[in-house]
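Open your viewer, switch to a cartoon view and keep the selection box handy. We will go from the whole chain to single residues.

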Amino acid sequence: MHLRDMVRIAILASGNGSNAQRLMDHFRSHPQARIVLVATDQPQAGVVQRAWDSGVPCYLFNGSQLRDGTVQYELLGQRVDLVVLAGFLRLIPAEMVRAFPDRIINIHPALLPKYGGKGMYGHHVHEAVIATKETESGITIHYVNERFDEGGHIAQFKCPVLPTDTRQTLAARIHGLEHAHYPEVIQRLIPQLVAGL
Ligand code: GRF
């Protein structure tokens, strides 16, 4: 298959990048998709080293470049077909959402619509879940629109919340779910994206 017939995926991440790592590993030898770029607003983030170690080019940008369209044009210039957020904390501008219709995907560490929205990320989510004495939590993989965590759902996966859980133990269980499912759910979207190339 010619490289142009591949679905070209960019990952946007702001943190450690364990999900980004799983995605880079998963798609390294996929016949129809490649991770062509890791883009981050945090030059010190672990994801930068992970991209380097995986041989994936890294693009660094700041918040104003996201808002003024620079990032969107970089992605379009690199002929990116699918944008995958993996621990990316900034709001995606409406214009970029329009430029990639149903082509931007996020993973959230809770069962949306609960525990989503601005400020609900990382340990804040798990602390709120534990404080509410939920007996289950999970992950939501969803399309991105111009509001935090409100796009259409693609898939959800659940896990128990134990009475003894701390935010660390719950985070570890949620990360396990994310690593198991995010690459596979994205892979399921590839045939329809190939059809649209
Ligand atoms: C994940 O829990 C994801 O759900 C959330 O940010 C976290 C990123 O973790 N959006 P990592 O950087 O992939 O380890």
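**The whole chain**

Buried residues (under 20% relative accessible area; exposed is over 50%, partly exposed in between; 1.4 Å probe, protein chains only) make up 50% of the 197 residues in the protein. This is a predicted model, where local features need pLDDT of at least 70, side-chain atom pairs count only at pLDDT 80 or more, and totals for chains, interfaces and linings use all residues. Residues are numbered from 1 along each chain as its sequence is written, and side-chain values use heavy atoms, leaving out hydrogens and water.

Colour by secondary structure, with helices (H or I, at least four residues) and strands (E, at least two) taken as DSSP runs numbered from the N terminus. You should find 7 helices and 7 strands, in the sequence order β-α-β-α-β-α-α-β-α-β-α-β-β-α. The radius of gyration, taken over C-alpha atoms, is 16 Å, close to the 16 Å of the globule rule for 197 residues, so the protein is as compact as a globular protein of that length. That rule is 2.2 Å times the number of residues to the power 0.38. Along the principal axes, the C-alpha atoms fill a box of roughly 50 × 35 × 30 Å.

**Strand β6 and its partners**

Now select residues 136-143, which form strand β6. Is this strand mostly covered or mostly open? Mostly covered: 7 of its 8 residues are buried.

Add residues 104-108, strand β5, which pairs with β6 in the antiparallel sense over 4 bridges; two strands pair if DSSP finds at least two bridges between them. To see one of these bridges, pick Ile 105 and its partner in β6, Tyr 143.

Next add strand β7, residues 153-160, which runs antiparallel to β6 and is joined to it by 7 bridges. Here Gly 138 has Lys 158 in β7 as its bridge partner.

**Backbone stops in the loops**

Most residues other than glycine have a negative phi, and most peptide bonds are trans. Three stops are worth a look with that in mind.

- Zoom to Pro 113, in the loop between β5 and α6 (122-131). The peptide bond from Leu 112 to Pro 113 is cis, with omega near 15°.
- Move to Arg 79, in the loop between α4 (70-77) and β4 (82-85). Its phi is positive, near 55°.
- Finish at Asp 149, in the loop between β6 and β7. Phi of Asp 149 is also positive, near 65°, and the residue is buried, with a relative accessible area of 14%.
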